[in-house]
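Reader: I have a structure open and I don't know where to begin. Can we go through it together?

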Amino acid sequence: MSRTLRVIALLSIATAVPAAAQTTYGPPGDTLRYHETQKTNVVVTMPQGEFQVPVEQDGTLSVVRFPGDSAHGWFDALALSASTPQGEQKPATDALLRQPYRLGFDSRGKVKLVAAPTLPEALASFGDLSNEFSDLFLRLPAQPLRVGLTWTDTLTRTDSTADRKANATAISDYKVEKDTVVNGTPALLVRMTQRAKIHIDAPVPNQPGMRSDATMEGNTTGFYVFAPKPGRMLARRRTGKISGDVNIAAAGMTMKQAIDYTNTVDAVK
């Protein structure tokens, strides 16, 4: 999951960040806030034909780190919409707002979900909101950041509930491309390419007794803007596509599913 990349207008060449620049996130205490938008187009190909479901998400997120690599995250605002064959869906999100996600968050931006708030049933089909914070941040390498530095990071996640099982593996390649400045703050632009594989076994919404088994693979490209001195991520951009088969054994049916998306994240005060 093409919106104009607003951050491009803010980027300019600046004096290089020193080679010994901080390569960790800032110390606990500050609350980090981000505005995130995502446009997703889901294309499902069934025996009787193809249909598309455009989905949009617009939200404001906050994260506060505590001593000992723990953190809380929450939604300050969230709007969701989808155009489905049954009509336009715009579920209420008030029940999720300001509900805490309990997280592990170490100094290099590795975030682990400890506990998520209970999602209202109406939001269950709008993506993986339980893991909203798990891959939000740039995962930093052990070496100090400098222009030209490359590294590879693997993120593996397994989620299980009473009726849903999911696992995902994402291998990301990073390269620090250049120095830049965002609103007067010296920063680094880090390019990213990612290969992902996902498997989900879950109930079919509104179809009691039916389950779907989906296996999908895809690629994502994008970039992060990270400010080494304050230790903050300032922006993120992603564009990706993932596709594969969805099998519903009880219906004797296998369908193709492809998901294209664009995602933007910007730090806000």
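Author: What follows is a short walk through confidence, strands, cores and a few side-chain pairs.

Reader: Fine. What kind of model is this?

Author: It is a predicted model. The mean pLDDT of the chain is 86, and 90% of the residues score at least 70.

Reader: Where is the pLDDT below 50?

Author: Residues 1-20 have a pLDDT below 50. That stretch still has 50 contacts in the model beyond near neighbours in sequence. Where pLDDT is low, the predicted coordinates should not be read in detail.

Reader: OK, strands. How do β2 and β3 pair?

Author: They are antiparallel, with 12 bridges between β2 (residues 49-66) and β3 (residues 70-84). One bridge partner pair is Val63 and Gly73, the latter in β3.

Reader: And what sits between those two strands?

Author: Three residues separate β2 and β3 in the hairpin, where Gly68 has a positive phi near 85°.

Reader: Which strands besides β2 does β3 pair with?

Author: One is β5 (residues 101-105), antiparallel to β3 and joined to it by four bridges. Ser70 is opposite Gly104 of β5 there. Another is β4 (residues 87-89), also antiparallel to β3, with three bridges. Ala82 has Gln89 in β4 as its bridge partner, and two residues make the hairpin link from β3 to β4.

Reader: Does β5 go on to something? I mean, what does β5 form with β6?

Author: A hairpin, with five residues between β5 and β6. Gly109 in that turn has a positive phi of about 85°. The two strands are antiparallel and share four bridges, β6 being residues 111-115. Leu103 is paired with Leu113 of β6.

Reader: New topic. How many residues are in the largest nonpolar core?

Author: The largest nonpolar core contains 50 residues. Those with the most contacts inside it are Tyr25, Phe75, Phe137, Leu138, Leu145, Trp151 and Met233.

Reader: Pick one. What does Phe75 touch?

Author: Beyond four places in sequence, Phe75 contacts residues including Leu61, Leu96, Leu97, Tyr101 and Leu129. Its contacts also include Gln57, Arg98 and Glu132. Apart from the largest core there is another, of eight residues, among them Val182, Ala187, Ala227 and Leu234.

Reader: Why would nonpolar residues group like that?

Author: In soluble globular proteins, nonpolar side chains tend to be buried together.

Reader: Now polar ones. Is Glu36 buried or exposed?

Author: Glu36 counts as buried because its relative accessibility is 6%, and the cut-off for buried is under 20%. Glu36 is in strand β1 (residues 31-46).

Reader: What does the Glu36 side chain make a polar contact with?

Author: With the side chain of Asn263, at 2.9 Å. Glu36 also touches other residues beyond four places in sequence, including Gln57, Asp58, Glu132 and Arg236.

Reader: And Ser172, buried or exposed?

Author: Buried, because its relative accessibility is 3%. Ser172 is part of strand β8 (residues 165-182). The side chains of Ser172 and Gln194 are joined by a polar contact of 2.9 Å. Beyond four places in sequence, Ser172 is also in contact with Trp151, Asp153 and Met192, among others.

Reader: How many salt bridges are there?

Author: There are 10 in the whole structure. One of them joins Arg232 and Asp30, with the closest N and O atoms 3.0 Å apart. Arg232 is in strand β11 (residues 232-248) and Asp30 in the segment before β1, so the pair ties together parts 202 residues apart in sequence. Arg232 is partly exposed at 29% relative accessibility, and Asp30 is partly exposed at 46%.

Reader: Which salt bridge has both Arg139 and Asp153 in it, and are they buried or exposed?

Author: The side chains of Arg139 and Asp153 form a salt bridge of 2.6 Å, N to O. Arg139 is in the loop between β6 and β7, while Asp153 is in strand β7, 14 residues apart. Both residues are buried.

Reader: One more. What does Arg237 pair with?

Author: Arg237 forms a salt bridge with Asp266, the closest N and O atoms being 3.1 Å apart. Arg237 is in strand β11 and Asp266 in strand β12 (residues 253-268), 29 residues apart. Arg237 is buried at 3% relative accessibility, and Asp266 is buried at 12%.

Conventions: Residues are numbered from 1 along each chain as its sequence is written. This is a predicted model: local features need pLDDT of at least 70, side-chain atom pairs count only at pLDDT 80 or more; totals for chains, interfaces and linings use all residues. Side-chain values use heavy atoms; hydrogens and water are left out. Buried means under 20% relative accessible area, exposed over 50%, partly exposed in between (1.4 Å probe, protein chains only). A polar contact is a pair of N or O atoms within 3.5 Å; within protein, one must be able to donate a hydrogen and the other to accept it, and residues adjacent in sequence count only if both atoms are side-chain atoms. Contact means heavy atoms within 4.5 Å. Two strands pair if DSSP finds at least two bridges between them. pLDDT is the predictor's confidence in each residue, from 0 to 100. A nonpolar core is a set of buried Ala, Val, Leu, Ile, Met, Phe, Trp, Tyr and Cys residues joined through side-chain atoms within 4.5 Å. A salt bridge is a side-chain nitrogen of Lys or Arg within 4 Å of a carboxyl oxygen of Asp or Glu.
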